[in-house]
Structure formats: C-alpha cells, structure tokens
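Biologist: Please take a close look at the aromatic side chains in this model. I would like the ring geometry first, and then the surroundings.

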Amino acid sequence: ARDCRMRTRIAFLLLLTLFSCSAAMQPIPGVATTMEILKAGSGPTVGKGDTVTVHATGTVVETGKKFWSTKDAGQQPFKYQAGVGGVITGWDQGCLGMALGEVRNLKIPAHEGYGQNGFPAWGIPPGGTLYFEIEVLKIEGKGEL
C-alpha cells in the first residue's frame, strides 16, 4: 500500500509538471510549433528574410537528451536567414517576431522538425519532438547585443 501511494504521488507530480510546462507554451499562428518567452528582448524584431545570429540549444523531448548547442565548447553562434525555409519549419516560423536579446523556448513537433525519419546522426529518433532554446544575438542591419 505504501509503494502504491508513493507511485501515485510520483505520477501526480509528473503530470503536474507536464501540465505546468505545456500551460506556459503559447501557439504560433500558422504552425503546430508552440513557444514560451523566457526573457523579453527589446528593439528590432526578426522578420522574413532577415539574417539572424542566435545561440541555440536543442533537446529531444522523448529522451531528454541535448543533441546540439552553440554554447558548447568549440561551437559558435548559428547564423541563418529567417522565414525562408533554410532551417526546419518549427524553428523558421517560431523565431519570426523575436526581439533582439529575447530568449524563447520552442516545442517543435516531428512534422515541423525532422519528421518520421528523425536525424539519427544527432540522436533525434524517428518522429522525435524537439525543444529549442533560442536567443537572438544579432539581426543584420537592425542591431546586435
């Protein structure tokens, strides 16, 4: 009976944690990817076609394993063109509108990430959901930190 109560408490806490994490996520119009602003930015915002430099850390939701981070030793901030399909859809659309200095979490479902094939070389399983923490460092021609 004691083990059963303990398992029930653990299950309740896990559900509460999952609910509180997903409750903070907000929809992004036009995509299934959701976002949460961790730190507000200020000034210029990322628009379609902007060349943007970011810090990014990616984690597989199902395993909790980090697969990439620009903050790791030997890595550099990532530069890309926003809103034109040069990166996965969830990231591409999820970063539009971010302000300089903003830190945002993105929860990207598989069909807006690496799909049913995943990206095995990075440890992303088939159908894997991704979390990305993104920080806007520079928007070319608009500003930088």
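Modeller: The model is predicted, and it contains 12 aromatic pairs. One of them is formed by Trp68 and Phe78, whose ring centres are 5.6 Å apart with 90° between the planes, an edge-to-face arrangement. Trp68 belongs to strand 4 (residues 66-69) and Phe78 to strand 5 (residues 78-81), so the pair links distant parts of the chain, 10 residues apart. The two partners fall into separate accessibility classes: Trp68 has 16% relative accessibility and therefore counts as buried, the cut-off being under 20%, whereas Phe78, at 27%, counts as partly exposed.

A further edge-to-face pair is made by Tyr114 and Phe119. Their ring centres lie 5.3 Å apart, and because the planes meet at 85°, over the limit of 60 degrees, the pair is classed as edge-to-face. Tyr114 is partly exposed at 25% relative accessibility. Phe119 is partly exposed too, with a relative accessible area of 29%.

These four residues belong to one aromatic cluster, made up of Phe67, Trp68, Phe78, Tyr80, Trp91, Tyr114, Phe119, Trp122 and Phe132.

As for the surroundings, Glu112 is found in the loop between strand 6 (103-108) and strand 7 (130-139). Glu112 is buried but has no salt bridge. The nearest side chain of opposite charge is that of Lys107, 12 Å away. Beyond its neighbours within four places in sequence, Glu112 touches Val31, Ala32 and Thr33, and also Ile88, Thr89 and Gly90.

Strand 6, at one end of that loop, pairs with strand 2 in the antiparallel sense over 5 bridges. Within this pairing, Lys39 has Val103 of strand 6 as its bridge partner. Strand 2 (residues 34-39) is also joined to strand 1 (residues 26-27), again antiparallel, by 2 bridges. There, Pro27 stands opposite Thr34. The hairpin of strand 1 and strand 2 has 6 residues between the strands, and Gly30 in this hairpin takes a positive phi near 90°.

On confidence, the chain has a mean pLDDT of 90, and 84% of its residues reach 70 or more. Residues 12-22 have pLDDT below 50, and this stretch makes 0 contacts in the model beyond near neighbours in sequence. Where pLDDT is low, the predicted coordinates should not be read in detail.

Conventions: Residues are numbered from 1 along each chain as its sequence is written. This is a predicted model: local features need pLDDT of at least 70, side-chain atom pairs count only at pLDDT 80 or more; totals for chains, interfaces and linings use all residues. Side-chain values use heavy atoms; hydrogens and water are left out. Helices (H or I, at least four residues) and strands (E, at least two) are DSSP runs, numbered from the N terminus. Buried means under 20% relative accessible area, exposed over 50%, partly exposed in between (1.4 Å probe, protein chains only). Lys and Arg count as positive and Asp and Glu as negative; His and the chain ends are not counted. A salt bridge is a side-chain nitrogen of Lys or Arg within 4 Å of a carboxyl oxygen of Asp or Glu. Contact means heavy atoms within 4.5 Å. Rings of Phe, Tyr and Trp (its six-membered ring) pair if their centres lie within 6.5 Å; planes under 30 degrees apart count as stacked, over 60 as edge-to-face and the rest as tilted. pLDDT is the predictor's confidence in each residue, from 0 to 100. Two strands pair if DSSP finds at least two bridges between them.
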